[in-house]
Amino acid sequence: MDSSQQPAVELKPWSDEGGLDLLLALNTPELTEHLGGPETPEKVVDRHRRYLRLDGRGQMFRITLDGEVAGSIGYWETTWQGEEVWETGWGVLPAFQGRGLAAKAARLVVPEARAAGRHAFLHAFPATGHGASNAVCRRAGFTLVGEATIEYPKGNWHACNDWRLALGADLSL
């Protein structure tokens with residue numbers, strides 16, 4: 001590759017082809033440390049099925065770097081402080097970390113959420129102690145609203161930062 005060319009980062013819609021394998025690869029103690037730890041294999045299969053059935057309530061993607069699967073990102077509906085919003089989250093495989101890939105993918109998911117309409121804001125809720133994910137939010141253009149406490153997974157309350165990005169006009173009318 002010519003040194004002036006940037007690696008091609010793309011978002012590929014979630015599918016049965018490789019989706020479950022990617023979720024299993026992302027389900028390690030190191031990669032889920034700020035998410036309450038690894039899920040059981042059954043819960044990973046359930047998550048994969050939910051990703052396939054978002055039906056207008058969001059979209060999950062595989063992040064690819066020069067065609068190689070490097071992680072996942074998406075957006076989905078959630079209720080935050082009494083308002084329906086889009087939420088986003090991501091995971092990058094260890095071999096691809098440290099290259100700014102999550103921030104690039106987050107910038108790519110913004111127009112996807114905007115095009116889907118429905119909600120005026122896209123939020124991310126990284127753990128307050130997760131420096132890398134908070135940096136992704138900053139680099140992707142999100143604004144830090146403040147600290148909050150969220151429940152994820154169910155029964156596991158933890159401190160997070162509420163990052164928000166305006167998607168355009170108020171679409172909730």
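This report looks at a helix pair and two loop residues in a predicted model.

## Helix 1 against helix 2

Start with the two helices: helix 1 covers residues 19-26 and helix 2 covers residues 41-52. Their axes come within 10 Å and cross at roughly 135°. Angles over 145 degrees would count as roughly antiparallel, so this pair is classed as oblique. As for handedness, the crossing of helix 1 and helix 2 is right-handed.

Who does the touching? On the helix 1 side, the contact is made by G19, L20, L23 and L24. Helix 2 brings V44, V45, R47, H48 and Y51 to the contact. Sorted by class, that contact has six nonpolar residues, two polar ones and one charged one.

## Two loop residues with positive phi

Most residues other than glycine have a negative phi. Here are two that go the other way.

D66 isn't a glycine, yet its phi is positive, at about 50°. You'll find D66 in the loop that links strand 2 (58-65) to strand 3 (68-80). How much of D66 is accessible? Its relative accessible area is 48%, so D66 counts as partly exposed; the exposed label needs over 50%.

Further along sits Q81, in the loop between strand 3 and strand 4 (83-92). Q81 is also a residue other than glycine with a positive phi, near 50°. Is Q81 buried or exposed? With a relative accessible area of 68%, Q81 is exposed.

Conventions:
Residues are numbered from 1 along each chain as its sequence is written. This is a predicted model: local features need pLDDT of at least 70, side-chain atom pairs count only at pLDDT 80 or more; totals for chains, interfaces and linings use all residues. Side-chain values use heavy atoms; hydrogens and water are left out. Helices (H or I, at least four residues) and strands (E, at least two) are DSSP runs, numbered from the N terminus. Buried means under 20% relative accessible area, exposed over 50%, partly exposed in between (1.4 Å probe, protein chains only). Axes are lines fitted to C-alpha atoms, for helices over the stretch in contact, and angles run from 0 to 180 degrees between N-to-C directions. Angles under 35 degrees count as roughly parallel, over 145 as roughly antiparallel, 65 to 115 as roughly perpendicular and the rest as oblique. A crossing is left-handed if the near helix is turned anticlockwise from the far one by less than a right angle, and right-handed if clockwise. Contact means heavy atoms within 4.5 Å. Ala, Val, Leu, Ile, Met, Phe, Trp, Tyr, Cys and Pro count as nonpolar, Asp, Glu, Lys and Arg as charged, and the others, Gly among them, as polar.
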